[in-house]
Amino acid sequence: MTRFILNQQSISTDQPPGLPLLDFIRYQQHLKGTKIGCREGDCGACTILVGSLENGQVHYRSVTSCLMPLANAEGKHIVTIEGLNLDELSPVQKAIVEENGTQCGFCTVGFVVSLSGFCLSEKEPTYPKALAAMDGNICRCTGYKSLERAAKKLVINLKEKTTENGMDWLVKSQFIPAYFPEIPQRLQALQTQEAKKTVGFPEEKVEYLIGGGTDLLVQKPEAVQLSTVRTLAQDSGLKGITNDLGQITIGGNTTVEELRQSEAMQAAFPELHQYLKLVSSTQIRNMGTVAGNFANASPIGDLTIFFLALNATIFLQKSGNHRELPLKEFYLGYKKLAKEPDEIIEKITFDIPDKNTHFNFEKVSKRTHLDIASVNSAIMLKAESNVIYEAHLSAGGIGPIPQYFMQTSAFLIGKEIAPETLKEAATLLQTEIAPISDARGSETYKRLLLRQLFFAHFLKLFPNTLTAENLL
């Protein structure tokens, strides 16, 4: 049984836990404002808001309901466009209308929901943040300038909103309906009725373990819906990011956006926001998990490549038994992992970079944002007096697995950071890869791209030592 609040209505349903929430909303509840578009999380037409109770307050995030399993709605406030509508147009809707931000109107609902989520955010409302809130919404016919103008107008309208008066001010100003302030108390009562689920497994065989569902519900939506599934989303023990004893520990079910907003991660990686901005869209980052990216085993998984270069360790759990494994030993072949089917990735750890540590992540894709990589790469170096004493290099898109380069990393140790060193390392690097030609590029292109990204790491990290001309 899954219990949650849908707009103002309390829901208790025994529908399959793997059912996409989009289908429950449209076909079980007959709320047709949430549109069916790509069913892959790309277009944003099915965007909804998910409110989670944290420390007595409800925090809302936008997600694509086509990729959210029904079970992950447990204990949440689910908001569709019907739950945002008022007797008159809200300032969000009005701004879009006044700036001619809609034509056919199919995508408009998603934009309204995303921008309403921006208004509900506790963060200071700025124009860049308003634009970022819409980065997972696609419009085919209107063009984005009108929507950008609407976002700018909205930011001006929000100037009197503060953290202290946020929810009440939004209700008074007709941004959201009057029932919203009641939701924290209702969610608290819901949680009291049914304790949070933990990582235990039902007696029947579990066929699918689901974290965020952003890949599984693209690949196998029908199979997941008809199978016995276990959601990990409600297990608080798989969440969180801690900084202790020189290491950062990340719960496996931590989302990409939680990773991106983490103060501990931002302190360790000053460019983290830019790195993770290249990972999908706001809606998908709000759902996709770190462990899911690892377990999916995509040869171009962005987070996998990021953490391979950090020489991270993963901790696996099964029925109370725990074991640890270097992430670089996790991938045995294409989609083949060094784990049992019912093991879960409990957490990830890595050493916090020190003053001698240099890290960089690069990604090249056909589009800068909302696209998978043709080739991505990350590097972590420790160097002193221009000599490397530790090196970890990874890349994706150049073989059947996310690849850690054992030979090239070992070669760099003890070497001076100089053009001759890098040219020799780049030659060695080519012997460790086996790219194939596919929709993302030819074998020749991928080999050239990896070479250029390898040089790009060093040019960015050591601009006073190297120049592009040196590496020609």
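Eight aromatic residues gather into one cluster in this predicted model: F269, Y275, F294, F306, F307, F350, F359 and F361. Across the whole model, the count of aromatic pairs comes to 19. One of them joins two members of the cluster, F269 and F306, which meet edge-to-face with their planes at 70 degrees and their centres 5.4 Å apart. F269 belongs to the loop between α11 (263-268) and α12 (272-277), while F306 is part of helix α15 (residues 302-309), so this pair ties together parts that lie 37 residues apart in sequence. Neither ring has much contact with the outside: F269 has 3% relative accessibility, which is under the 20% cut-off and therefore buried. F306, at 2%, counts as buried too.

Rings also turn up with charges over them. Here are two such cases, with the distance from the charge to the ring centre:

| Charged residue | Ring | Distance to ring centre |
|---|---|---|
| K152 | Y127 | 4.8 Å |
| K415 | F411 | 4.2 Å |

In the first, K152 lies over the face of Y127. In the second, it's the charged end of K415 that sits over the ring of F411.

Now to helix α1, which covers residues 21-28. How many of its eight residues are buried? Six of the eight are, so the helix is largely enclosed by the rest of the structure. The buried ones are L21, L22, D23, F24, I25 and R26. What do they pack against? Four strands: β1 (2-6), β2 (9-13), β3 (47-54) and β5 (77-79). Just after the helix, H30 takes a positive phi of about 60 degrees.

R26 deserves a closer look. This arginine sits in α1, and it is buried yet has no salt bridge. Where is the nearest side chain of opposite charge? That's D23, 6.5 Å away. A salt bridge needs the charged atoms within 4 Å, so D23 doesn't qualify as a partner. What R26 does have is a backbone partner: a polar atom of its side chain lies 3.1 Å from the backbone oxygen of K32. K32 also shows up among the contacts of R26 once neighbours within four places in sequence are left aside; the list runs L31, K32, T34, K35 and I36.

Methods. Residues are numbered from 1 along each chain as its sequence is written. This is a predicted model: local features need pLDDT of at least 70, side-chain atom pairs count only at pLDDT 80 or more; totals for chains, interfaces and linings use all residues. Side-chain values use heavy atoms; hydrogens and water are left out. Helices (H or I, at least four residues) and strands (E, at least two) are DSSP runs, numbered from the N terminus. Buried means under 20% relative accessible area, exposed over 50%, partly exposed in between (1.4 Å probe, protein chains only). Lys and Arg count as positive and Asp and Glu as negative; His and the chain ends are not counted. A polar contact is a pair of N or O atoms within 3.5 Å; within protein, one must be able to donate a hydrogen and the other to accept it, and residues adjacent in sequence count only if both atoms are side-chain atoms. Contact means heavy atoms within 4.5 Å. Rings of Phe, Tyr and Trp (its six-membered ring) pair if their centres lie within 6.5 Å; planes under 30 degrees apart count as stacked, over 60 as edge-to-face and the rest as tilted. A charge sits over a ring if NZ of Lys or CZ of Arg is within 6 Å of the ring centre and within 35 degrees of the ring normal.
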